[in-house]
Amino acid sequence: MADDSRIMTLPTVPLRGTAVYPGTMLNFDVERPASIAALNLAIGSDRMVFLVAQKDITKAWPTGEDLHTVGTVCRLGQILRVPGTNNYRAIVEGLHRARLLRITAETPCFWANVQLMADKPFVRHEQRTEALIRRCSELFSEYGNVSGNVTPEMMLKIIDKEDPGFVSDYIAQNVFLRFQDKQTLLEETDPVNRLVLLSSMLDRELNILDIEQDLSETTNERMQKQQREYWLREQMKSIRTELGEGDEENESEEYRRKIRELKLSEEIEKKLLKEVERLQKQPFGSCEGAVIRGYLDACLELPWNEKTEEVVDIVQARKTLDEDHYGLEKVKDRIIEYLAVRQLTEQVKGGVLCLVGPPGVGKTSIAMSIARATNRKLGRISLGGVHDEAEIRGHRKTYVGAMPGRIMNGITQSKSKNPVLVLDEIDKLGSDYRGDPSAALLEALDGEQNHSFRDHFLEIPFDLSEVFFITTANTTDTIPRALLDRMEVIELGSYTDEEKLHIAKEHLLPKQRLKHGLNGNSLRMTDGALRELIASYTRESGVRVLEREIASVCRKAAARIAAGEAKSLRLKEGTLEEILGPAKYKKENYLGESTVGLVHGLAWTSVGGEVLDVECTALPGSGKLELTGNLGNVMKESCQAAISYIRSRAAVLGIDPEFYRNTDIHIHFPEGAVPKDGPSAGCAITLCVVSALSGVPVRRDVCMTGEITLRGRVLPIGGLREKTMAALRADIREVIIPAGNVSDLEEIDRNVRSQLHFTSVEHLDAVLAAALDRSGLTAAESAGEAERKLAVLPETQDRKGITICQ
């Protein structure tokens with residue numbers, strides 16, 4: 001450790017990314033005002049300056065805490081101004097290692113108290129020391145041979161030196177090392193240890209140089225090969241030109257001509273012409289040239305200025321829609337409204353409709369009919385199972401095999417700027433690590449943004465505002481809210497049996513007869529036969545299975561006629577079993593005597609409505625509640641809510657108030673293999689449990705639907721149209737519905753509505769009063785029941801044949 005006489009106060013210059021060693025020279029540029037001031041102060045005194053590296057080289061204005069604690073005391077040799085700049089170049093000679101004790105001032109430059117550091121003593125002529133000096137000298141020489149940065153004069157400086165400190169410092173100053181390694185060597189005061197560290201660092205640097213050299217040789221070989229190939233291609237081009245076998249200039253001019261003929265906007269034309277220039281500069285057969293050709297072809301195939309003349313004759317359009325489809329009045333009315341507006345003004349452009357309904361009701365086919373009715377081209381895109389966002393917006397053309405997205409492909413295939421674009425199964429979109437396709441559709445389906453839709457592959461705006469988008473879905477539950485908000489949703493319900501009869505007579509049977517080579521004389525089916533086919537061989541919301549069954553009938557008829565067994569076939573009710581075999585669906589008898597603990601509920605399924613029976617049995621026990629029938633969480637909660645309501649009303653309902661302690665209740669929903677869930681069975685569950693506990697039977701000619709609360713309120717439900725059709729199929733003529741669903745009756749088919757009687761209720765007491773069969777009660781029981789009925793509100797009959805329990 002040096003004594004106090006070796007403590008000095010010197011102007012200090014922070015260095016970035018370098019270090020200076022004792023006994024070596026260093027020149028460096030200075031641009032910071034504080035560093036220039038420090039050098040000027042050194043020139044004005046004894047030319048001594050302290051150089052120390054800063055820890056973070058990216059910091060423009062370091063403080064004392066940003067400096068390393070070990071630096072070098074140097075003598076300033078010369079300082080020159082760099083011409084044309086405010087920078088200076090300084091040349092210094094390193095004298096001593098020094099430790100930074102503290103910063104005494106920071107303006108106008110750094111002043112620091114430094115303490116000189118002496119190297120530790122070493123034993124001269126020691127074999128290990130000499131071996132390290134030789135090893136470092138050899139590595140330094142090898143480094144010079146590989147890098148070319150070491151001159152013979154530099155080697156002569158150390159070739160006969162025996163001082164390990166000088167050898168290590170000189171080599172470290174003249175080779176490229178990482179800044180952290182240079183600082184480590186500067187802070188090491190043991191010369192022998194410095195040689196050990198330097199030897200390891202030089203080994204690592206030589207390995208890196210070998211790798212760099214290998215990479216450089218590989219690159220040079222590849223470039224020489226490319227230059228040779230380019231020279232050969234140019235020779236081939238000259239030969240082909242001489243022989244008149246083609247000229248790439250003609251290809252570029254052809255592209256330019258096509259681009260100018262399209263009369264595109266300035267932005268798009270400039271972009272495409274720039275790509276043509278890039279293509280012209282590509283060597284023959286290059287991969288990049290093939291990519292550019294594919295890009296230009298994709299852009300030029302788009303119908304930039306091509307559109308069809310839209311038909312605005314609403315009478316003809318309505319006739320076309322009616323020819324293709326029976327029913328679907330909501331969709332047809334919406335299209336007629338659109339065409340009527342187009343007849344009055346041309347400002348309205350495209351639109352976005354979302355047709356939601358169960359499978360087989362004609363969502364995709366009505367979209368195709370819309371294209372025919374409006375005289376627009378049709379493009380169809382299936383979105384089912386799409387997980388990649390690039391499928392919608394395209395891939396960047398830098399990727400191998402890149403192509404435009406499905407929307408732009410649909411526009412290209414339709415060859416029109418204003419087609420009807422059908423996005424099928426939009427509710428089946430998925431999302432994963434590759435992105436969310438539904439989010440990519442937001443811009444395309446937004447009428448305020450899609451006038452400049454940019455596909456990732458094309459990278460130029462395309463106007464989608466005139467496209468009529470029609471999306472189809474089975475449910476809106478899986479469609480993101482932001483996407484659903486951009487579409488006008490039209491719900492298509494299940495077909496009634498009467499509608500299916502008309503569709504079969506007017507569309508399906510003629511279509512299948514034609515397909516199987518039959519005519520109206522060779523195969524005839526009466527209305528009774530079609531009704532039997534619909535009721536006994538199909539169970540669906542649409543008509544797909546019905547069409548397959550009709551096709552099966554046509555095949556059987558064709559086989560008999562071809563075999564000579566008959567010249568024609570006429571089918572009437574009761575003859576289908578001979579053709580199609582036994583009925584697949586037997587009609588259940590839901591009517592009969594009133595039964596305790598059995599209630600007809602109504603359920604919605606993806607293929608239409610169903611009658612869902614609820615069974616309940618009360619047994620002596622300890623108050624356990626057993627739920628079976630493959631129930632979901634929501635339906636289980638409805639059962640628990642029903643029990644809680646009955647407990648709160650036990651006295652009024654004539655039920656033992658202690659039933660929850662001494663009676664086990666088992667609630668079962670038949671068809672246990674079918675999952676069931678939802679809140680709409682609440683009324684049926686409550687009525688069933690009340691019947692089981694009180695022993696009062698439930699009317700078999702009544703079915704019901706409705707969600708319940710703990711206070712006994714009956715809440716509205718969904719799927720009323722399908723549920724009422726299920727009641728009609730089961731020959732149940734009275735349906736109990738929530739009062740909140742009365743307005744939904746307007747959407748139910750008139751034939752269905754005329755054959756059913758609806759009872760609207762607001763409270764469970766009204767359900768119990770309407771559905772429990774009390775005809776078999778004794779006089780005493782009837783008197784008690786009359787007293788309990790005081791809790792039930794009066795009924796009124798409205799002009800629509802709906803009983804309203806107020």
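User: How are α10 and α11 oriented to each other?

Analyst: In this predicted model, the axes of α10 (residues 314-324) and α11 (residues 329-344) cross at roughly 155° and come within 10 Å. Angles over 145 degrees count as roughly antiparallel, so α10 and α11 are roughly antiparallel to each other. The crossing of α10 past α11 is right-handed.

User: Nice. Which residues of α10 and α11 meet?

Analyst: On the α10 side you have Ile314, Ala317, Arg318, Leu321 and Asp322. They meet Glu329, Lys332, Asp333, Ile335, Ile336, Leu339 and Ala340 of α11.

User: And by class, what does the contact of α10 with α11 have?

Analyst: There are 7 nonpolar and 5 charged residues, and no polar ones.

User: What about α11 and α12, at what angle do they pack?

Analyst: About 25°, with the axes 11 Å apart. That angle is under 35 degrees, so α11 and α12 are roughly parallel to each other. α11 passes α12 in a right-handed crossing.

User: Who makes the contact between α11 and α12?

Analyst: Val331, Ile335 and Leu339 come from α11, and Ile366, Ile370 and Thr374 from α12. By class that gives 5 nonpolar residues, 1 polar and no charged. Ile335 and Leu339 also appear among the α11 residues that meet α10.

User: Let's jump further along the chain. How do α21 and α24 lie, and at what angle do they cross?

Analyst: The axes of α21 (residues 633-648) and α24 (residues 682-694) come within 9 Å and cross at roughly 45°. The two helices are therefore oblique to each other, and α21 passes α24 in a right-handed crossing.

User: Which side chains should I click on for that contact?

Analyst: For α21, pick Met635, Ser638, Cys639, Ala642, Ile643, Tyr645 and Ile646. For α24, pick Ile685, Thr686, Val689, Val690 and Leu693. The contact has 10 nonpolar residues, 2 polar and no charged.

User: I've also got Leu764 on screen. Is it buried or exposed?

Analyst: Leu764 counts as buried, because its relative accessibility is 0%. Leu764 lies in α27 (residues 764-771). Setting aside neighbours within four places in sequence, Leu764 is in contact with Tyr645, Cys683, Thr686, Ile708, Gly712 and Val714. Of those, Tyr645 and Thr686 also belong to the contact between α21 and α24.

User: How many residues apart are Leu764 and Glu707?

Analyst: They are 57 residues apart in sequence, and their C-alpha atoms are 10.0 Å apart in space.

User: New topic: backbone oddities. Where is there a cis peptide bond?

Analyst: From Thr107 to Pro108, with omega near -5°. Pro108 sits in the loop between β5 (88-105) and β6 (110-117). For background, most peptide bonds are trans, and most residues other than glycine have a negative phi.

User: Then which residues have a positive phi although not a glycine?

Analyst: Lys263 is one, at about 55°, in the loop between α7 (248-262) and α8 (266-281). Lys263 counts as exposed because its relative accessibility is 72%. Asn375 is another, with phi about 60°, in the loop between α12 (363-374) and β8 (378-382). Asn375 is partly exposed, with a relative accessible area of 38%. Lys415, which follows α14, also has a positive phi, near 55°.

User: Which residues of α14 are buried?

Analyst: In α14 (residues 406-414), the buried ones are Ile407, Met408, Gly410, Ile411, Thr412 and Ser414.

User: And which residues have the most contacts inside the largest nonpolar core?

Analyst: Ile407 is among them, together with Leu272, Ile426, Leu441, Leu445, Leu464 and Met487. That core has 48 residues, and α9 (residues 287-301) gives the most to it, with 6 residues. A second, separate core of 47 residues includes Tyr338, Leu569, Leu576 and Ile579.

User: What is Leu464 in contact with?

Analyst: Beyond its neighbours within four places in sequence, Leu464 is in contact with Ile407, Ile411, Ala444, Asn450, His451, Phe453 and Phe469.

User: Last one: how many residues of α18 are buried?

Analyst: 8 of its 11 residues are buried, so helix α18 (residues 527-537) is mostly covered. Those residues are Gly528, Ala529, Leu530, Glu532, Leu533, Ile534, Ser536 and Tyr537. Their cover includes α17 (497-515), β14 (523-525), α19 (544-562), β15 (569-571) and α20 (576-580).

How values were computed: Residues are numbered from 1 along each chain as its sequence is written. This is a predicted model: local features need pLDDT of at least 70, side-chain atom pairs count only at pLDDT 80 or more; totals for chains, interfaces and linings use all residues. Side-chain values use heavy atoms; hydrogens and water are left out. Axes are lines fitted to C-alpha atoms, for helices over the stretch in contact, and angles run from 0 to 180 degrees between N-to-C directions. Helices (H or I, at least four residues) and strands (E, at least two) are DSSP runs, numbered from the N terminus. Angles under 35 degrees count as roughly parallel, over 145 as roughly antiparallel, 65 to 115 as roughly perpendicular and the rest as oblique. A crossing is left-handed if the near helix is turned anticlockwise from the far one by less than a right angle, and right-handed if clockwise. Contact means heavy atoms within 4.5 Å. Ala, Val, Leu, Ile, Met, Phe, Trp, Tyr, Cys and Pro count as nonpolar, Asp, Glu, Lys and Arg as charged, and the others, Gly among them, as polar. Buried means under 20% relative accessible area, exposed over 50%, partly exposed in between (1.4 Å probe, protein chains only). A nonpolar core is a set of buried Ala, Val, Leu, Ile, Met, Phe, Trp, Tyr and Cys residues joined through side-chain atoms within 4.5 Å.
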